[in-house]
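Subject: Structure handover

Hi,

Here is the structure I promised to pass on to you. Please have it open while you read, since my notes follow directly below.

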Amino acid sequence: MNDTSPPTDPPLLRLRELSKHFPVRKGVLSKTVAVLKAVDGVSFDIARGETLGLVGESGCGKTTLGRSLLRLMEPTAGQILFDGVDILGANKKHLRQLRQRMQIIFQDPYASLNPRLTVANLIGESIRAHGLARGAQYDQRLNELLEIVGLSKRYLNRYPHEFSGGQRQRIGIARALALQPDFIVCDEAVSALDVSIQAQIINLLRSLQRDLGLTYLFISHDLNVVRHLAHRIAVMYLGKLVEVGPTEAIFNAPRHPYTRALIAANPVPDPDSKVGLSILEGDVPSPLDPPTGCAFHPRCAQVMPHCKVQMPAMTADSSASVQHRVWCHLHGSEKT
């Protein structure tokens, strides 16, 4: 469990009504026949030095959101403020400068590294591209990056196929750190690794955050991992947030039926545990044709008539210090 209190400084990152829609085209004229709303009006803040865990079932839009806020995908609408700067309004030159401060660690350590490049080239490519170091300083920086992630400098001239999955992910982390960023999107950064290796990488990410003052958006479907690393958790369903709150508040007092079902289905390493499973009925609806009203209502055991026609508004916990928000009609009377 991450027992470190989240920072209280002004947010490093602010998202306001961020959306990413994909047109579905058919026919010779490529006529748009539908719109897939992968991310639909998402808003949240991430403070400096904080880890926000983003969770939800596969296909809910987590990865699309992470890539959109870095402009690896161009958002359809919304606002992204990074340290007060509007990323969507930045020109190519300004965006290049911002990219030094915003990096990503990809899910697959095998697919994310070019097999034709050595470790030195994989890590040093961005350093050279931004002109941050040359000569002896460049070599020293490469050695420092490998040391930071727990690898030997002897590995600099080796190729990705010579490493295990955990070592490759360490190389990916070193590459993300090369430009000395402030913010890193960790996109399922440990999901492809063995459990014992996962623990090592998670501990590495925590120590890097402590030593370098990093801020993370940690995308994962593994609630146990998120609980260990995140200060706050945002729960996503069909492109929208349904609940956001401090990690322990989410686990100890989840308010949205979807959040409760995710936590109840989370494996507990205790054979004597009496926790009962709350199995979700039905399949995840298609984002091409989402349900009216609350998107979760076809699978919700507590559905009410107006859930089927009216989109729930955001409600907040009565204690302002908790900052626990939920989008659910069951809590509509607590709206603030």
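Let me begin with one cut-off: a residue is called buried when its relative accessible area is under 20%, exposed when that area is over 50%, and partly exposed in between. By that rule, buried residues account for 47% of the 336 residues in the protein. Please keep in mind that this is a predicted model.

**The whole protein**

The secondary structure consists of nine helices and twelve strands. The radius of gyration is 21 Å, close to the 20 Å that the globule rule gives for 336 residues, so the protein is as compact as a globular protein of that length. Measured out along the principal axes is not quite the right phrase for a computed model, so I will just say that the C-alpha trace spans about 70 × 60 × 40 Å along them.

Among contacts between residues at least 6 apart in sequence, 65% join residues that are at least 24 apart. As for the surface, the accessible area comes to about 16600 Å², and carbon and sulfur atoms hold 50% of it. The protein has 38 positive and 31 negative charges, and the mean positions of these two sets lie 7 Å apart.

**Strand S3 and its partners**

Strand S3 covers residues 51-55, and five of its five residues are buried. Cover is found on both faces: Thr 51, Gly 53 and Val 55 are buried on one side, and Leu 52 and Leu 54 on the other.

Which strands does S3 pair with? One is strand S8 (residues 215-219), in the parallel sense and over four bridges. Another is S9, again in the parallel sense and over four bridges. To find these pairings on screen, you could start from two residue pairs. Thr 51 has Tyr 216 as its bridge partner in S8, and Val 55 has Val 235 as its bridge partner in S9.

Thr 51 is worth a click of its own. Its relative accessible area is 0%, so Thr 51 counts as buried. Setting aside neighbours within four places in sequence, Thr 51 is in contact with Gln 209, Tyr 216, Phe 218, Leu 229, Ala 230, His 231 and Arg 232. Tyr 216 thus turns up both in this contact list and as the bridge partner in S8.

**An open sheet**

There is also an open sheet of four strands, in the order S2-S1-S4-S5 and with antiparallel pairing. Its edge strands are S2 (31-47) and S5 (85-86), each of which pairs on one side only. Strand S4 (residues 77-82) pairs with S5 in the antiparallel sense over two bridges. In that pairing, Phe 82 has Val 85 of S5 as its bridge partner.

**Two backbone angles to look at**

Most residues other than glycine have a negative phi. Which residues have a positive phi here although they are not glycine? Ser 30 is one, with a phi of about 50 degrees, and Leu 238 is another, also with a phi of about 50 degrees.

Both sit in loops. Ser 30 lies between strand S1 (11-26) and S2, while Leu 238 lies between strand S9 (232-237) and strand S10 (240-246). Their surroundings can be told apart by accessibility: Ser 30 is partly exposed at 40%, whereas Leu 238 is buried at 11%.

**Helix H9 and the loop after it**

Arg 260 belongs to helix H9 (residues 257-264). With a relative accessible area of 29%, Arg 260 is partly exposed. Not counting residues up to four places away in sequence, Arg 260 touches Pro 254, Arg 255, Gln 302 and Leu 330. Arg 260 and Arg 299 are 39 residues apart in sequence, and their C-alpha atoms are 13 Å apart in space.

Met 304 is in the loop between H9 and strand S11 (314-316). Is Met 304 buried or partly exposed? At 24% relative accessibility, Met 304 counts as partly exposed. Beyond its neighbours within four places in sequence, Met 304 is in contact with His 329 and Leu 330. Leu 330 is therefore a handy residue to select, as a contact of Arg 260 and of Met 304. Met 304 and Ile 233 are 71 residues apart in sequence and 26 Å apart in space, C-alpha to C-alpha.

Happy exploring, and best wishes

Definitions and conventions
Residues are numbered from 1 along each chain as its sequence is written. This is a predicted model: local features need pLDDT of at least 70, side-chain atom pairs count only at pLDDT 80 or more; totals for chains, interfaces and linings use all residues. Side-chain values use heavy atoms; hydrogens and water are left out. Buried means under 20% relative accessible area, exposed over 50%, partly exposed in between (1.4 Å probe, protein chains only). Contact means heavy atoms within 4.5 Å. The radius of gyration is taken over C-alpha atoms; the globule rule is 2.2 Å times the number of residues to the power 0.38. Accessible areas come from the Shrake-Rupley method with a 1.4 Å probe; for residues, only the protein chains shown count as cover. Lys and Arg count as positive and Asp and Glu as negative; His and the chain ends are not counted. The place of a charge is taken as NZ of Lys, CZ of Arg, CG of Asp or CD of Glu. Two strands pair if DSSP finds at least two bridges between them.
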